[in-house]
Amino acid sequence: LGFTLEGMEAQFPPAYTIWMAQSVGVFGRMGVIGFNPVLAALTVPLFYGLARRFLDRPASLVALCVFLLTPTQIWMPRITLSEIAAQHFFFAAMLLITGGWLDRRVRSVVLGGLTLGGVYWVRIDGLVIAPIMVVALAAARSWGATDEAAGTLSRTMTRRLAWTVFAALGLGSLSHYLTSGLYFESIGPKLIHIALLTALLIPVALLSLNTRVMGWLALLSRQRLVLLAVVGLLVGLVAWASWIRPVTEPFQLNPRDPTKGRTFSENSLVNIVAYLTQPGALLAFIGLVAAVWAFLRGRMNRAWYIPFAIWGGYTLLYVYDPNISPDHIWAMRRFVPVILPGCALLAGLGFATLARAIRTPSGRGFGAFMVCLILAVIMLRGSSIFAFFKEYRGADTFWLDLDSRIPADSIVFSDTSTLFFDPLYPGLGHRVVRVNLGDLRMPA
């Protein structure tokens, strides 16, 4: 909650909080704790369904194994933050958009666009979708296969998808301004940067629709020397972010208060690898190289440009700067909605790339089983801590006991932290006055 002279307002976009409140109204206090686990469980078939749209069953199972065993995917559903809800929206949107594109169902694509725009209603960083969509839709219009029927349909779908997504983002901005104005204004400069980047990319995207320009770029990108140079650059960037950037000064300091020390943004890729484990990260990197190679050769289906672009955009942004305090107990939560699940899909693609050498379906199935077994043994070592840690043990009993000790219609004086204010006022409905109990001017 944020405070103004006129009263209180929601600090973050209120949609997620409203849904949780509705869950509490139906299921009681368990509605708070159970909301994200239910969404996380419903995301699993969405993830697997998306994987099966472009991977065979063995590779999809490898992707699912990495997705389910990542420590953040085990821990974050038990935390009442919005990342799991955003992740659910992302995968629902990608399944609708890719399914509609492959099956030539415009309504499905439009519904997917609304769902994708809905991410911004859940998390403020959903606005990053705007510049990414400009690039992805321009590529979908002008890059890849030139089948006339598919091209005509793709023009219809890209136009309607663009209008749907940007309308949802625009209405989301208006909603945030009206319901959480203080927070919206506090991050205004960042939102303006995103809007300016989107505006700058639009003329570039329009230029890409020129068939002569795209023909020249397509011819250039299919040259083996260019392909090898791009892959070499990708390998070099990953190596730099893994081994050089984390130990090379000057380090990034907290932009708001440099006296608080480093942000440790230099360690972002190292942290991602730690969560995926080295085998999982290696498979994801092989999948990334395979995806870039297929895109440059014009062999990637246009339906996959949007999920691939969204993963790439968010990964570049948060690997460069996660924009979160490194001592935050959930500092990796920035990577939960898109980046880590996208890495899991790329790990499946990496396995599929390596499994081409196995000619029989039974051989690929056995290979997937062995890879999943190795991943499970390695990843469960890190995930087991989160799987069995009961961070809410005794919390509900404590608050119910405290609630029973507070007389009805009384006024509660609480310290200025949110430790007691949030559960007492929004959670239990008590009237609370926030004070600083450590202030010596307070009466005894």
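**Exercise 1. Aspartate 409 and arginine 104**

Aspartate 409 lies in the loop between H17 and strand S3 (411-414). Find what the backbone does at aspartate 409 in this predicted model, and what sign its phi has.

*Solution.*
- Step 1. Read phi: for aspartate 409 the angle is near 65 degrees. That is a positive value in a residue other than glycine.
- Step 2. Set this against the general rule. Most residues other than glycine have a negative phi.
- Step 3. Check the surroundings. Aspartate 409 has a relative accessibility of 70%. Exposed means over 50%, so aspartate 409 counts as exposed.
- Step 4. Repeat for arginine 104. Its phi is near 60 degrees, again positive and again not in a glycine.
- Step 5. Place arginine 104. The residue sits in the loop that joins helix H5 (83-103) to helix H6 (106-122). Its relative accessible area is 46%, so arginine 104 is partly exposed.

**Exercise 2. An unusual peptide bond**

Determine which peptide bond in the loop after H12 is cis, and where its proline lies.

*Solution.*
- Step 1. Recall the rule. Most peptide bonds are trans.
- Step 2. Look at omega. Between glutamate 249 and proline 250, omega is about 0 degrees. The bond joining these two residues is cis.
- Step 3. Locate the proline. Proline 250 belongs to the loop between H12 and helix H13 (268-296).

**Exercise 3. Salt bridges**

State how many salt bridges the structure holds, then examine the pairs below.

*Solution.*
- Step 1. Count. There are six salt bridges. The cut-off is a nitrogen-to-oxygen distance within 4 Å.
- Step 2. Take arginine 405 and aspartate 401. Their side chains meet at 2.8 Å, N to O. Both residues are in helix H17 (residues 395-405). They are four residues apart there, so about one helical turn separates them.
- Step 3. Check the exposure of this pair. Arginine 405 is exposed, at 62% relative accessible area. Aspartate 401 is partly exposed, at 35%.
- Step 4. Take aspartate 103 and arginine 105. The closest N and O atoms of this salt bridge are 3.1 Å apart. Aspartate 103 is partly exposed, with 43% relative accessibility. Arginine 105 is also partly exposed, with 39%.
- Step 5. Take aspartate 125 and arginine 123. Here the closest N and O atoms are 3.3 Å apart. Both of these residues are buried.
- Step 6. Widen the view. Arg123 and Asp125 belong to a network of salt bridges that also links Glu83 and Arg333.

**Exercise 4. Cysteines**

Decide how many disulfides the structure holds, and test cysteine 372 against the cut-off.

*Solution.*
- Step 1. Recall the bond. A disulfide is a covalent bond between the sulfur atoms of two cysteines.
- Step 2. Count. The structure holds zero disulfides.
- Step 3. Test cysteine 372. Its nearest cysteine sulfur is that of cysteine 65, 4.2 Å away. A disulfide needs sulfur atoms within 2.5 Å, so cysteine 372 is in no disulfide.
- Step 4. Check burial. The limit for buried is under 20%. Cysteine 372 has a relative accessible area of 17%, so it is buried. Cysteine 343, at 7%, is buried too.

**Exercise 5. A patch on the surface**

Identify the residues of the nonpolar surface patch, then describe Tryptophan 240.

*Solution.*
- Step 1. List the members. They are Leu233, Leu237, Trp240, Trp243 and Ile244.
- Step 2. Give their area. Together they have about 600 Å² of accessible area.
- Step 3. Place tryptophan 240. This residue is in helix H12 (residues 224-244).
- Step 4. Classify tryptophan 240. With a relative accessible area of 42%, it is partly exposed.

**Exercise 6. The whole chain**

Summarise the fold in numbers, then judge where the predictor's confidence is low.

*Solution.*
- Step 1. Count the elements. The chain has 18 helices and four strands.
- Step 2. Find the buried share. Of the 444 residues, 45% are buried.
- Step 3. Turn to the surface. The chain exposes about 23,800 Å², and carbon and sulfur atoms supply 68% of that area.
- Step 4. Look at contacts between residues at least 6 apart in sequence. Among these, 72% join residues at least 24 apart.
- Step 5. Check confidence. The average pLDDT is 84, and 89% of the residues score at least 70.
- Step 6. Find a weak stretch. Over residues 148-152, pLDDT stays under 50. For these residues the model has three contacts beyond four places in sequence.

Terms used. Residues are numbered from 1 along each chain as its sequence is written. This is a predicted model: local features need pLDDT of at least 70, side-chain atom pairs count only at pLDDT 80 or more; totals for chains, interfaces and linings use all residues. Side-chain values use heavy atoms; hydrogens and water are left out. pLDDT is the predictor's confidence in each residue, from 0 to 100. Contact means heavy atoms within 4.5 Å. Patches are made of residues with over 30% relative accessible area and no salt bridge: like charges are joined within 9 Å, nonpolar side chains (Val, Leu, Ile, Met, Phe, Trp, Tyr) within 5 Å. Accessible areas come from the Shrake-Rupley method with a 1.4 Å probe; for residues, only the protein chains shown count as cover. Helices (H or I, at least four residues) and strands (E, at least two) are DSSP runs, numbered from the N terminus. Buried means under 20% relative accessible area, exposed over 50%, partly exposed in between (1.4 Å probe, protein chains only).
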